[in-house]
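User: I am new to reading protein models and would like a close look at a single part, namely how aromatic rings pair up. Please take me through that slowly, and then show me what else can be read nearby in the same careful way.

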Amino acid sequence: MIRFVDVWLKYRHNGEASAASADVISGMSFDVPDGGFRWLTGASGAGKTSLLKLMYLAEHPYRGRIEILGIPAARISRREAAMLRRRIGVVYQDFRLLPHLSVYDNVALPMRLARRPEKQIRSDVSELLHWVGLSNKLDRRPNELSGGEQQRIAIARAVVVQPHLLLADEPTGNLDDEQADRLMLLITSLNRLGTTVVVATHNLSLVRNYPAPCLEISGGRLVHEG
Amino acid sequence: MAKRRIKPAPRARRRVDQLGLRTAMADRLLPTLVGAMSFLAALAIAGTLAAATLASHWQGDTGSALTVQVTDPGDPAVSGGVTRLQAVLSTLKASPNVSNLHQLSADEMNSLLKPWLGEDVTKLNLPVPAVIAASWNQAGPPDALASALGAVAPGTLAETGAAWASRVAALTNSIQASALSVLLIVALVAAAVISVATRAGLAQRREAIEIVHGLGALDSDIAGSFAMRATRLAATGSAIGALIALPVLLWLARLAEPFAGVLPQSNLPVLPMPLMASLPALPVVAALIGWGTAQITVRGWLRQLA
């Protein structure tokens, strides 16, 4: 369950939320049930990425209450927050791959942080990289790959730990139609297996092809739900 | 998804440098600086130990030296029909706390006084007292002995080197305090150097840290990676510094041998055992400083992340 209750966010400068800075999320309230799927739509700058940052605990609201996977985000320790993040898979808009690591090590990273056995890591990472079509590029560095390939690595990294919550920010932005369909197949498969999914996109044809409830935001406010 | 095994990348089998610290905390500057600190620390430790050894040697000699001055040594003593000098020598011989009696000869007196009084003291016709050197085997001052000597030959002076010994002790303590201060400063500078290098690494790897933090890395995971790197670099640098210090210390030990009352056993100089034991400890201490400093620096820095 994801629950937002009257959540307000403004970006901090030097660790403080300035009274002068504008709200990027304003009084937002909604629920996403366990195993639910939500499209997150809105124009560029509407606040989609900021909303996702709140969901993966990269930002804290200055007002309101957030529960992620049933855990109140405001009351948890740093250690508990880290443990909660391990249950969340995130596909970042800018991929956020580690340039000094190989494709294999980038995808294996969340499993290593979760201290999974190396044998299991080898098996799961290899399987996933085969599935995203990058099994022949295990030793490459991200900067040696195309944007689409980097996006597929980012997706593989997000789902390799079979997260309870999958957050994706424009995950099909650099993919061709065939790769986008394969990605959506993977995401809907995970969702059917119980993973809660929130996908931010401005690609309305994608939303039409995979019908699901939608959170539409504009100017940091939730303008339509359903 | 079809199950299919792919030959794992060789890279996956060894420990992965997740934050790229091998390049962010380079293996030249930090070990060099810590090595220099370690070299200075080795010299400071050697100074401390040398001061202690020399002081022990000097205090032992000076503190037990008894000097007796007998004025008008040829004049008759108070009783017994002997000279004052003979009476004093008899009293000293009878004392169980006095040994190694030696009356300084005219030549010895002449060589002692020559720096102050000129070539030949005997030609000056001065009333020079007789001087008796001996060993005083008690810890306290020779007050009772001085009274006994005064009773047979009034005006006789008896004194030990206790005053000198206390001055030597004060000098030694100040040298040791200075050396320990140097050690403390060296440790603080080493910690500062490691802290700066760690901060540089944090700045350089900020994005990577944010990514692994977002993937669920604990603060201890991230701080541990930096601490391991800092520990390795500090220990390596310190070991090199200690090795470079070794020949210098051997050379200094050879120079100090006569002052410490040690006769060379062979042509090869030998370091005192405490110093030999402290040199291998330097990399261990440097490693601990590196580990602790990196942990504190990184954990403090991580608080800025949500």
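Analyst: Rings of Phe, Tyr and Trp (for Trp, its six-membered ring) are taken as a pair if their centres lie within 6.5 Å, and the pair is called stacked when the planes are under 30 degrees apart and edge-to-face when they are over 60. A pair of aromatic rings is described by the distance of the centres and the angle of the planes. Please keep in mind throughout that this is a predicted model.

How many aromatic pairs does the structure hold over all chains? There are three of them when all chains are taken together, and two can be followed here in detail.

One of these pairs joins A:Phe4 and A:Phe30, whose ring centres are 4.7 Å apart and whose planes make an angle of 15°, which makes the pair stacked. A:Phe4 belongs to strand β1 (residues 2-9) of chain A and A:Phe30 to strand β4 (residues 25-32) of chain A, so the pair ties together parts that are 26 residues apart in sequence. As for their surroundings, A:Phe4 and A:Phe30 are both buried.

Another pair is made by A:Tyr56 and A:Tyr92, and here the arrangement is edge-to-face, with 5.4 Å from centre to centre and 85° between the planes. A:Tyr56 sits in the loop between α1 (48-55) and β6 (63-68) of chain A, while A:Tyr92 sits in the loop between β8 (88-91) and α3 (103-113) of chain A, so this pair ties together parts that are 36 residues apart in sequence. A:Tyr56 counts as buried because its relative accessibility is 8%, and A:Tyr92 counts as buried because its relative accessibility is 6%.

Chain A also offers a helix pair that can be read with a distance and an angle. The axes of helix α5 (residues 147-159) of chain A and helix α6 (residues 177-192) of chain A come within 12 Å and cross at roughly 5°, and α5(A) and α6(A) are therefore roughly parallel to each other. Where they meet, α5(A) contributes A:Arg152, A:Ile155 and A:Val159, and α6(A) contributes A:Gln179, A:Leu183, A:Leu186 and A:Leu190. Sorted by class, the residues of this contact between α5(A) and α6(A) are five nonpolar, one polar and one charged.

Between these helices there are two residues whose backbone angle deserves a careful look. A:Gln162, in the loop between α5 and β9 (165-169) of chain A, has a phi near 50°, which is a positive value in a residue other than glycine. A:Glu170, in the loop between β9 and α6 of chain A, likewise has a positive phi near 50° and is not a glycine. Which of the words buried and exposed fits each of them? A:Gln162 counts as exposed because its relative accessibility is 59%, whereas A:Glu170 is buried because its relative accessible area is 8%.

Finally, chain B holds a residue that reaches across to chain A. B:Arg205 lies in the loop between α6 (162-204) and α7 (206-214) of chain B, and B:Arg205 counts as buried because its relative accessible area is 14%. Leaving aside residues up to four places away in sequence, B:Arg205 touches A:His100 from chain A, together with B:Leu19, B:Gly20, B:Leu21, B:Thr23 and B:Ala24 from chain B.

Terms used:
Residues numbered from 1 in each chain as written. Chains lettered and ligands numbered in written order. Predicted model: local features only at pLDDT ≥ 70, side-chain atom pairs only at ≥ 80, totals over all residues. Heavy atoms only, no water. Helix = DSSP H or I, 4+ residues; strand = E, 2+ residues; numbered from the N terminus. Buried < 20%, exposed > 50% of the residue type's maximum accessible area, 1.4 Å probe, protein only. Contact = heavy atoms within 4.5 Å. Axes fitted to C-alpha atoms, helices over the stretch in contact; angles between N-to-C directions. Parallel < 35°, antiparallel > 145°, perpendicular 65-115°, else oblique. Nonpolar A, V, L, I, M, F, W, Y, C, P; charged D, E, K, R; others polar.
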